[in-house]
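I record below what I looked up in this structure, entry by entry.

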Amino acid sequence: MKKTNYSYIGIAFIILVFGIIFIPKIVDRIYNKDIIRNESRSDFADDKKAAVSDLAFIEINGEPKKVPAFSFTNQHGKTITNKEYEGKVYVVEFFFTTCPTICPRMNANLIQIQNTFKDFNDFGVASFTINPDHDTAEVLKAYADKYGVTNPNWHLMTGDQETIYELSNKGFNLYTAEEEDVLGGFEHSGNFALIDKNGFIRSRKDNFGNPIIYYRGIVSEAEQVDDEGVKEEISLLKEDIKKLLNE
């Protein structure tokens, strides 16, 4: 007499139970397009990852450099902090309204950049005066009107001089100093810093793969090259602003 093979019966029973419990759930997921939704989420994550541009994060001690917290008064007498710029791409400069040399050229270039991105609500400029004793909110407002500042996200800020200098020299590593012997009484960098929507300092890379860190703010696109052979970087800055706006 042939013996009954109980192992086959056990396997068949397990398959039957699996079918009863799980197949209706799988059918229900397909019917409700849940599997498709999971794929969509995955695709969206891939798209978000792909949206990050090729601009470098400026690193200090191996960590991406973020804009330090700040709080100053703008040309309208309003308190502006770094949180005002969250979710915005913006350019940073340090200047003073009585500057007789590079500041007028820098701000003329920023006006051109402002006008290029006039339709973008998530673009702004942060201008910090290095002569706050003279550059009150009223003085800054007159200066803004003179140059044609129209972007509501362009804040010309004044405040405590020591705090501003620390922000410039340590926060952005953009040189600023009070020097009686130089024309205008102050020295400062003519470079612009570019900040992304999350508050990180960003820049393009040079031909060797190193971040250029800052963008020359003095030479205009129209000039192309100054008398010393220094090339303009305003066009590069515009290209990179556009990249960050698309992130």
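**Entry 1: strand 11.** I looked up the burial of strand 11 in this predicted model. Strand 11 spans residues 191-195, and four of these five residues are buried, so the strand is largely enclosed by the rest of the structure. For the burial call I applied the cut-off of under 20% relative accessible area.

**Entry 2: partners of strand 11.** I then asked which strands pair with strand 11, and in which sense.

- Strand 6, residues 89-95, runs antiparallel to strand 11 and is joined to it by three bridges. I noted Val92 opposite Ala193 of strand 11.
- Strand 13, residues 215-216, pairs with strand 11 over two bridges, again in the antiparallel sense. Here Asn191 stands opposite Arg216 of strand 13.
- Strand 12, residues 201-203, is antiparallel to strand 11 and is likewise joined by two bridges. Leu194 faces Arg202 of strand 12 as its opposite residue.

**Entry 3: the hairpin.** I examined the connection between strand 11 and strand 12, which form a hairpin with five residues between them. In the turn, I found that Gly199 has a positive phi of about 85 degrees.

**Entry 4: strand 7.** From strand 6 I moved on to strand 7, with which strand 6 pairs in the parallel sense over seven bridges. One bridge that I recorded links Val91 to Val125 in strand 7. Strand 7 covers residues 123-129, and I found seven of its seven residues buried. I also sorted its residues by direction: Phe123, Val125, Ser127 and Thr129 point one way, whereas Gly124, Ala126 and Phe128 point the other way. Residues on both sides of strand 7 are buried.

**Entry 5: the largest pocket.** Which residues lie nearest the centre of the largest pocket? I found Ala51, Val52, Asn198, Arg202 and Glu247 there, among 10 lining residues. Arg202 had already appeared in my notes, opposite Leu194. By class, I recorded four nonpolar, one polar and five charged residues in the lining. The volume of this pocket came to about 170 Å³.

**Entry 6: the whole protein.** I closed with the overall values. I listed six helices and 13 strands as the secondary structure. Of the 247 residues, 39% count as buried. The exposed area is about 14,600 Å², of which carbon and sulfur atoms supply 54%. I also looked up contacts between residues at least 6 apart in sequence, and 70% of these join residues at least 24 apart.

How values were computed
Residues numbered from 1 in each chain as written. Predicted model: local features only at pLDDT ≥ 70, side-chain atom pairs only at ≥ 80, totals over all residues. Heavy atoms only, no water. 1 Å grid on protein atoms, 1.4 Å probe; cavity = no way out; pocket = protein on both sides within 12 Å on 5 of 7 lines; lining within 4 Å. Points joined across faces, edges and corners; volume = space filled by probe spheres on them. Nonpolar A, V, L, I, M, F, W, Y, C, P; charged D, E, K, R; others polar. Buried < 20%, exposed > 50% of the residue type's maximum accessible area, 1.4 Å probe, protein only. Helix = DSSP H or I, 4+ residues; strand = E, 2+ residues; numbered from the N terminus. Pairing = 2+ DSSP bridges. Contact = heavy atoms within 4.5 Å. Areas by Shrake-Rupley, 256 points an atom, 1.4 Å probe, with all protein chains shown as cover.
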